[in-house]
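Biologist: Before we begin, could you take me through the reading of a model such as this, one feature at a time?

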Amino acid sequence: MISFSKFLKEQRFSQIVALLLLLLLLLIGAIPGYLTGHWEWQQLPRITRLQELKDLRQKGLILPGWQTIEQREQEIGEGTWSYQFIQKKSDQTKAVLLLRPQTGSKDQPVVEWTEINSLWQWQIAQYRSADFTVKPQGTESNAAETKVQARFFRASTNQQTFAVLQWYAWFNGGSSSLFPWFIVDQLAQLQKKRAPWVAVSILIPMEPLGQVETTWNEAKSLGQTVQATLMAGPLSSRSPMHLYKKSKVLR
């Protein structure tokens, strides 16, 4: 069983690495700014779909093959999440989908997993990395797949036990660590763009002291659906007007 203190150490290590990289990038970026007097970092590139990201907290996510039983805003730590109780249409499988979207240009992922763990005081067991791939919606059969590096574990309280799948999603990938997103966002900023993110936590009820691997196929399938839906909507790199015109044609 993995202790809460071990999770804290894991998060602190990731934060330290990200901070060191940030200092390096700032140093590299500061040299031309110092020489020319133009400080690019004073104003970050705007996030083009920011309102859609904010709407996620109030409306949740419409998932193909799933229906929403309940949706509300949930305060967890310093952030506001969308708490969405969903049910699969084909076999009545139930799950909880938690989404914490980026809400501003300076909003960065930092302690989302620690805050969730603290809220419910989970006992963590059977933790492992969990990779899966996603094909973007509406693409050709030979289109490149998107890779997500999530984390998967059993979380228990005195009342309930869940299989949990967690990661940060962005327009062309995802990871449970903030470090890969940081790199993607820095590269996007070099092109005057941004890589907006959404923290995703999927909770699937399971039997107490059960084997979390028995739920993997369901968790993976739901994770793929969530990532693909986010990439086609609020995390899409295409302009909102382009998608709006496309949806009118499909009607």
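**Cores, a helix and a few residues**

Modeller: In this predicted model, the largest nonpolar core is made up of 34 residues, and those with the most contacts inside it are Leu97, Leu165, Trp167, Val200, Ile202, Val226 and Leu230. Two or more residues apiece are given to this core by helix 2 (50-59), strand 3 (94-101), strand 4 (123-134), strand 5 (146-156), strand 6 (161-170), strand 8 (198-205) and helix 5 (216-232).

Biologist: Which element gives the largest share of this core?

Modeller: That is helix 5, with 7 residues. The general idea is that, in soluble globular proteins, nonpolar side chains tend to be buried together. Beyond this core there is a second, separate one of 23 residues, which includes Trp113, Trp122, Ala155 and Val164.

Biologist: How should I place these cores in the overall fold, and how many helices and strands does the protein have?

Modeller: The protein has 6 helices and 8 strands, and along the sequence they follow the pattern α-α-β-β-β-α-β-β-β-β-α-β-α-α. Of its 251 residues, 45% count as buried, while the accessible surface comes to about 13,800 Å², with 55% of that belonging to carbon and sulfur atoms. If you take the contacts between residues at least 6 apart in sequence, 66% of them join residues at least 24 apart.

Biologist: What should I check first in a helix, taking helix 5 as the case, and what do its end C-alpha atoms tell us?

Modeller: One check is to compare the expected span with the distance in the model: at 1.5 Å a residue, the 17 residues of helix 5 should span 24 Å, and its end C-alpha atoms are 24 Å apart, which agrees. A second check is burial, where a residue counts as buried if its relative accessible area is under 20%. In helix 5, 12 of the 17 residues are buried, so the helix is largely enclosed by the rest of the structure. Among the buried residues are Trp216, Leu222, Gly223, Val226, Gln227, Thr229, Leu230 and Met231.

Biologist: Which residues does Leu230 touch, leaving out those up to four places away in sequence?

Modeller: Leu230 touches Leu56, Leu61, Ala169, Val198, Val200, Leu235 and Ser236. Thr229, also in helix 5, is buried with a relative accessible area of 10%, and beyond its neighbours within four places it is in contact with Leu61, Ile62, Leu63, Pro64, Gln137 and Pro234.

Biologist: Is Gln227 buried or exposed?

Modeller: Gln227, which has its place in helix 5, is buried, with a relative accessible area of 0%. Once its neighbours within four places in sequence are set aside, its contacts are Val134, Thr146, Val148, Trp167, Ala169, Trp170 and Gly173. The last of these, Gly173, lies in strand 7 (residues 173-175) and is buried as well, at 3% relative accessible area. Apart from neighbours within four places, Gly173 is in contact with Thr146, Lys147, Val148, Tyr168 and Gln227. Gly173 and Met231 lie 58 residues apart in sequence, yet their C-alpha atoms are 8.8 Å apart in space.

Biologist: I would also like to read the backbone angles; where is Gln121 found, and what is its phi?

Modeller: Gln121 is found in the loop between helix 3 (112-120) and strand 4, and its phi is near 50°, a positive value in a residue other than glycine. Gln121 counts as exposed because its relative accessibility is 58%, and the cut-off for that class is over 50%. Gln126 also has a positive phi, of about 55°, although it is not a glycine; this residue is found in strand 4 and, at 27% relative accessibility, counts as partly exposed.

Biologist: Turning to the surface, which residues form a nonpolar patch there?

Modeller: The patch is formed by Phe179, Ile183, Leu187 and Leu190, which together have about 370 Å² of accessible area. Leu187 lies in helix 4 (residues 178-189). The general idea for reading spacing within a helix is that an α-helix has 3.6 residues a turn, so residues three or four places apart point the same way.

Biologist: What follows in the loop between helix 4 and strand 8?

Modeller: Lys193 has its place in that loop, and, leaving aside neighbours within four places in sequence, Lys193 is in contact with Pro45 and Ala188. The C-alpha atoms of Lys193 and Ser237 are separated by 9.5 Å, although the two residues are 44 residues apart along the chain.

Technical notes:
Residues are numbered from 1 along each chain as its sequence is written. This is a predicted model: local features need pLDDT of at least 70, side-chain atom pairs count only at pLDDT 80 or more; totals for chains, interfaces and linings use all residues. Side-chain values use heavy atoms; hydrogens and water are left out. Patches are made of residues with over 30% relative accessible area and no salt bridge: like charges are joined within 9 Å, nonpolar side chains (Val, Leu, Ile, Met, Phe, Trp, Tyr) within 5 Å. Accessible areas come from the Shrake-Rupley method with a 1.4 Å probe; for residues, only the protein chains shown count as cover. A salt bridge is a side-chain nitrogen of Lys or Arg within 4 Å of a carboxyl oxygen of Asp or Glu. Helices (H or I, at least four residues) and strands (E, at least two) are DSSP runs, numbered from the N terminus. A nonpolar core is a set of buried Ala, Val, Leu, Ile, Met, Phe, Trp, Tyr and Cys residues joined through side-chain atoms within 4.5 Å. Buried means under 20% relative accessible area, exposed over 50%, partly exposed in between (1.4 Å probe, protein chains only). Contact means heavy atoms within 4.5 Å. The expected span of a helix is 1.5 Å times one less than its number of residues.
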